[in-house]
4 protein chains.
Amino acid sequence: MPANTFGEKFRVTTFGESHGVAVGVVIDGVPPKLKISVDEIQKELDKRKPGQSKITTARTEDDKVEILSGIFEGKTTGTPICLIVRNKDQRSEDYEDLKDILRPGHASFTYLAKYGIYDYRGGGRASGRETIGRVAAGAIAKKILSKQKIEIIGYTKAIAEIRAQKIDYTQIEKNPVRCPDSIAAKKMEKRILEIMKAGDSVGGIVEIVIRGCPAGLGEPVFDKLDAALAKAMMSIPAVKGFEIGSGFQSARMLGSEHNDEFYFDKKTSKIRTRTNFTGGVLGGISTGEDIVFRIAVKPTSSISIYQNTLDIAGNKRNIKLKGRHDPCICPRIVPVAEAMAAIVLVDFIISL
Amino acid sequence: MPANTFGEKFRVTTFGESHGVAVGVVIDGVPPKLKISVDEIQKELDKRKPGQSKITTARTEDDKVEILSGIFEGKTTGTPICLIVRNKDQRSEDYEDLKDILRPGHASFTYLAKYGIYDYRGGGRASGRETIGRVAAGAIAKKILSKQKIEIIGYTKAIAEIRAQKIDYTQIEKNPVRCPDSIAAKKMEKRILEIMKAGDSVGGIVEIVIRGCPAGLGEPVFDKLDAALAKAMMSIPAVKGFEIGSGFQSARMLGSEHNDEFYFDKKTSKIRTRTNFTGGVLGGISTGEDIVFRIAVKPTSSISIYQNTLDIAGNKRNIKLKGRHDPCICPRIVPVAEAMAAIVLVDFIISL
Amino acid sequence: MPANTFGEKFRVTTFGESHGVAVGVVIDGVPPKLKISVDEIQKELDKRKPGQSKITTARTEDDKVEILSGIFEGKTTGTPICLIVRNKDQRSEDYEDLKDILRPGHASFTYLAKYGIYDYRGGGRASGRETIGRVAAGAIAKKILSKQKIEIIGYTKAIAEIRAQKIDYTQIEKNPVRCPDSIAAKKMEKRILEIMKAGDSVGGIVEIVIRGCPAGLGEPVFDKLDAALAKAMMSIPAVKGFEIGSGFQSARMLGSEHNDEFYFDKKTSKIRTRTNFTGGVLGGISTGEDIVFRIAVKPTSSISIYQNTLDIAGNKRNIKLKGRHDPCICPRIVPVAEAMAAIVLVDFIISL
Amino acid sequence: MPANTFGEKFRVTTFGESHGVAVGVVIDGVPPKLKISVDEIQKELDKRKPGQSKITTARTEDDKVEILSGIFEGKTTGTPICLIVRNKDQRSEDYEDLKDILRPGHASFTYLAKYGIYDYRGGGRASGRETIGRVAAGAIAKKILSKQKIEIIGYTKAIAEIRAQKIDYTQIEKNPVRCPDSIAAKKMEKRILEIMKAGDSVGGIVEIVIRGCPAGLGEPVFDKLDAALAKAMMSIPAVKGFEIGSGFQSARMLGSEHNDEFYFDKKTSKIRTRTNFTGGVLGGISTGEDIVFRIAVKPTSSISIYQNTLDIAGNKRNIKLKGRHDPCICPRIVPVAEAMAAIVLVDFIISL
């Protein structure tokens with residue numbers, strides 16, 4: 001089953017390869033009469049684009065989006081919206097030597113195993129550039145959510161062993177790591193630069209908080225809200241784990257600790273819980289509390305250190321990659337994870 | 001979107017409530033001419049059924065399965081298979097008092113928020129009994145996989161802070177915890193009994209290993225194999241996290257450590273990797289190495305300790321549950337997680 | 001892709017074979033808090049059941065429905081509803097001789113070509129008994145529609161060359177042919193009896209009218225309302241054609257004749273059309289006028305006249321069927337077509 | 001549910017409006033390593049493009065296709081293929097006056113009823129230009145089918161009361177009507193010109209024959225091959241009916257006439273049927289005989305004759321359309337119907 005479409009009521013179909021003509025997305029199911037401008041979409045793409053800071057890849061793409069359909073006189077019409085971004089700064093020649101080589105940690109091996117053919121240039125379809133379509137669709141999803149006062153906030157929670165000690169949302173966009181703790185951010189940046197200099201890469205943890213989500217979203221028993229979020233997050237390149245609320249920590253907890261106590265909040269006239277170990281989802285359905293989840297991000301597989309590997313024919317090779325790579329993908333995964341979270345939520349919210 | 005169906009080519013639809021007439025499943029897309037007997041399905045259900053040991057719920061259900069369709073003269077015909085298990089030992093009277101109470105950690109609150117009505121008896125649709133349909137379908141999925149020499153092994157990796165120190169598959173079914181380390185198993189059992197005595201519950205970690213899976217399974221970019229597994233696992237009641245391979249540990253690793261080195265294995269004439277940090281999935285597609293993932297299991301929410309909560313009307317209540325509950329659900333989640341893993345794999349494998 | 005599920009938001013999954021243990025249906029996506037009784041479902045099944053009159057098959061099945069899930073204290077809960085009907089009067093021995101024979105006009109040949117195995121008893125899955133699940137689901141769909149004042153009326157429009165000359169809905173249930181013209185009904189009944197006596201069968205045309213459907217239903221460009229209805233109707237055994245509004249007659253018309261003129265109806269304060277050549281659907285979306293379509297029904301393939309055919313091995317055979325068959329299936333297709341129309345409409349209407 | 005995607009394994013998503021920036025398609029599920037050139041796709045688009053002859057619309061679009069993704073070094077890679085055609089000769093000013101008018105027979109009324117907003121220029125999304133994406137996808141589908149020796153032949157069977165009396169495939173592309181009977185073709189052309197001169201339009205019947213399709217395609221009970229074809233055809237603008245094999249004629253037939261006799265064909269060593277009243281599909285599964293079906297095409301709704309209608313506000317208006325319209329859409333529906341048939345077949349054939 002081909003699977004370049006995500007969602008059921010808000011359907012996002014991405015297409016395009018890293019070094020092809022263009023990457024893009026078709027979004028079907030956008031409610032009609034929504035005001036949306038190119039600038040609103042571009043703004044989200046700018047958060048994801050390469051070359052933002054000295055700790056991201058030097059590939060320079062301005063990633064300008066073009067709207068091909070579905071928007072008429074500044075408003076959506078209910079018909080599918082196609083958005084494209086043409087690839088420009090490809091430097092495909094950097095990949096000529098790698099044509100027949102299985103890059104460790106890369107999808108080249110598995111794509112070949114599956115399809116028997118692979119666009120080796122820059123990661124082809126498995127490239128992070130595929131996520132441009134997701135972010136563009138996410139911009140529209142966020143616009144829909146904003147009408148319902150739902151907000152999605154993503155940030156880097158940890159890099160290597162450095163963890164954010166406090167969460168101050170106002171700090172996130174003030175540092176290149178997208179960390180909500182300005183002190184930890186500086187340490188993270190320093191560490192990434194060291195690792196970059198050594199030609200290596202490093203992993204991290206990204207956290208997403210969804211605020212303002214009403215109780216009642218999620219479709220048991222298989223499309224539980226947390227299950228849908230898990231799938232969306234695990235579909236992002238480099239993500240190796242997902243946990244919600246207490247997550248893996250819950251394995252060590254007692255029921256008497258973990259059960260969130262219900263109380264009646266007079267201010268909002270709502271039933272709420274005093275703690276939120278469950279992370280805003282119970283039985284697969286949102287509780288109305290903040291939805292809080294984390295994803296584990298592996299170190300970028302493209303590194304400039306010699307590695308033993310094989311070529312397609314099975315011959316031993318020793319390679320060192322020349323491409324322009326991110327030493328830590330967390331800062332650029334933040335907008336992608338936000339976009340996917342927005343897409344998931346909208347899919348549950350739309351009652352078209 | 002209703003979501004009681006899982007899978008696309010191998011479609012599993014479960015139905016039924018804990019205290020309703022029956023629980024069951026319809027499985028569509030089973031290849032024709034597969035030999036399958038009631039006993040093979042019953043065997044898997046027996047692993048999941050209550051009352052197996054002193055550390056599981058005392059509800060006594062023999063959970064006998066009945067085949068209603070799709071099997072003719074001992075073989076599948078390619079038509080949908082309906083399997084049902086009638087509920088017997090319900091004791092719905094235990095729940096009469098709880099009718100209007102929001103049980104902490106339970107889905108009663110969110111089901112009411114979503115549907116405005118709730119079958120409160122024993123958890124209704126949110127009950128673990130819903131997973132009977134999954135396990136029955138999983139029995140058929142496992143049979144299909146066994147023809148391709150693919151094996152799924154699940155076990156309890158950790159309970160509270162006790163972790164299995166070694167993995168000996170032969171030990172798993174020899175202890176009530178389903179732990180592959182017999183020494184850790186004893187400690188776990190003892191701990192669970194203590195917690196049970198205190199009326200409390202505890203969480204744990206379950207690990208699944210898939211052996212013999214060929215390279216090439218998974219559908220980028222959205223139905224990546226790990227993404228599909230994550231969704232399947234997160235859809236199981238009580239699961240709060242999923243990680244594959246190095247998982248959350250990868251956040252602390254360097255690329256030079258994490259990248260699995262390719263080598264040519266002369267014995268099998270296959271390209272393999274020396275390490276398996278990636279957990280058998282690269283770019284969302286299986287590598288041919290073992291697929292290894294873990295799920296975080298929260299402590300059972302039903303406990304026999306007084307808890308503060310509310311009734312539906314928002315009045316304060318203090319409750320202590322009388323039902324017969326599992327103090328730690330890990331041992332009984334093992335067959336459910338295995339079943340879901342089998343269902344995911346078959347869905348990718350079938351080329352009907 | 002297995003395809004025993006119909007619909008997206010209101011999902012109907014049927015299962016079961018003619019001579020198996022039971023036939024049934026799982027309906028997912030039924031809105032919660034809908035009052036529905038066994039009797040309401042049984043009433044629809046009674047319209048479809050065999051042995052209603054001397055012009056239907058003599059197989060006597062009382063087709064009593066059992067509710068297994070999804071209904072709690074007389075109301076739906078938003079969880080899947082499973083309904084089953086056990087097979088009773090099978091007489092599988094009638095089919096023993098036919099085991100290896102390709103019955104002309106029957107699906108035995110194509111099922112074998114597809115699956116390589118076939119439950120030959122009474123048509124197996126290809127039997128009309130499969131439609132029991134559809135009619136049971138349709139009863140619930142009709143209940144949902146009735147809340148919105150939408151009504152579905154089906155009837156036999158033609159048998160052989162005899163056509164209803166007038167449409168009087170009050171007559172439909174007063175004759176065994178389900179014809180809205182009492183005079184034509186008598187002629188049809190007489191003709192069917194003659195054909196039956198000769199061991200033969202005959203085709204006909206069934207018309208469906210949907211009244212009260214609001215404007216705006218249908219999902220261009222692929223799930224147009226008429227396209228969805230066409231698929232639903234063509235999925236009913238024995239149906240060979242579908243046309244809406246002017247249908248095949250439109251091929252001979254001019255645009256100036258066919259275009260329905262818009263006018264403002266003061267009584268209802270609605271924009272309406274003076275004619276309804278389009279049959280209530282324009283551009284795949286309902287106009288608010290009556291939706292009117294017809295289906296072509298082929299003569300039942302089971303006849304008691306000697307026919308030349310082959311056995312599975314390719315040997316010539318000459319057979320005469322002994323089973324109890326309908327000489328004309330139109331009267332019993334009426335409730336099935338109504339049910340499928342109701343299912344289609346509800347799928348478009350539900351905004352879950 | 002948004003529905004601009006067709007198919008499950010071979011998924012075709014179209015986008016674009018008549019007077020927007022571009023129309024196009026994303027095709028997901030194309031098998032890898034298929035050789036396909038721009039020219040092969042262009043050739044099919046040329047059959048559909050406007051301005052082919054004096055009996056088609058004078059809008060002059062060269063409809064040049066651009067490949068954005070999914071094809072690498074002349075071969076498919078298994079990743080989604082995006083194809084676009086930019087709109088050029090729009091003349092949106094022709095539609096300025098029609099902005100607020102409900103054109104009889106047009107989707108403007110129902111689009112407004114559904115979405116509350118409508119791109120009125122040239123039919124917007126409801127325009128026949130949407131089918132460009134279908135034809136482009138169909139070109140790829142046909143290429144896949146050609147590898148399996150499956151051929152799809154479409155032609156105009158009737159215009160008004162003029163019917164093709166013989167079927168000579170070699171004649172189809174030799175006349176502007178795409179009629180396989182050269183004598184009937186001349187009469188049809190003459191009739192269309194007369195009607196065109198009068199500012200009017202006319203309907204017709206298109207027939208499709210699929211040759212070389214193996215037995216065994218189709219997915220009972222809901223995605224029967226004929227049901228899927230019916231939906232595909234009814235989703236084409238202007239189509240009002242579908243019938244397969246004997247179709248509506250079967251209503252007048254006896255079972256003894258209609259049942260196709262099985263015989264063993266020594267030449268091909270296959271079980272075949274002497275007649276083909278069933279049209280190549282039995283029980284929803286292909287028999288291996290030619291699949292033969294017909295669609296009813298209504299007269300184009302855009303006519304240059306004064307018509308009474310309303311504006312959006314409900315005021316009476318009398319209009320005469322100025323646009324450049326096809327007097328009979330049958331010749332240009334032929335490639336669209338062929339494309340949709342190819343897409344349906346490939347979806348059933350692919351065992352990805």
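Begin by selecting B:Lys47 and B:Glu44 in this predicted model, where the two side chains meet in a salt bridge with an N to O distance of 3.6 Å. Both residues belong to helix α1 (residues 38-48) of chain B and stand three residues apart, about one turn of the helix. Colouring by accessibility separates the partners, since B:Lys47 is partly exposed at 21% relative accessibility, whereas B:Glu44 is buried at 8%.

Stay in chain B and select B:Arg191 with B:Glu161, whose side chains form a salt bridge at 2.8 Å, N to O. B:Arg191 sits in helix α4 (residues 182-197) and B:Glu161 in the loop between β8 (151-159) and β9 (162-163), so this pair ties together parts that are 30 residues apart in sequence. B:Arg191, at 25% relative accessible area, is partly exposed, and B:Glu161 is partly exposed at 43%.

Move next to chain A, where salt bridges with shared partners join A:Glu44, A:Lys47, A:Lys142 and A:Glu338 into one network. Then select A:Arg211 and A:Glu151, a salt bridge whose closest N and O atoms are 3.1 Å apart; A:Arg211 lies in strand β10 (residues 204-211) and A:Glu151 in strand β8 (residues 151-159), so the pair links parts 60 residues apart in sequence.

Finally, show chains C and D together, with 101 residues of chain C in contact with 101 residues of chain D and about 7,900 Å² buried between them, 63% of it from carbon and sulfur atoms. Four salt bridges are counted between these chains, and D:Lys114 with C:Glu219 forms a salt bridge at 3.0 Å between the closest N and O atoms. End at strand β11 (residues 239-244) of each chain, where three bridges join the antiparallel strands and C:Gly241 has D:Glu243 as its bridge partner.

How values were computed:
Residues are numbered from 1 along each chain as its sequence is written. Chains are lettered from A and ligands numbered from 1 in the order in which they are written. This is a predicted model: local features need pLDDT of at least 70, side-chain atom pairs count only at pLDDT 80 or more; totals for chains, interfaces and linings use all residues. Side-chain values use heavy atoms; hydrogens and water are left out. Contact means heavy atoms within 4.5 Å. Buried area is the accessible area (1.4 Å probe) that two parts lose on being put together, summed over both. Two strands pair if DSSP finds at least two bridges between them. Helices (H or I, at least four residues) and strands (E, at least two) are DSSP runs, numbered from the N terminus. Buried means under 20% relative accessible area, exposed over 50%, partly exposed in between (1.4 Å probe, protein chains only).
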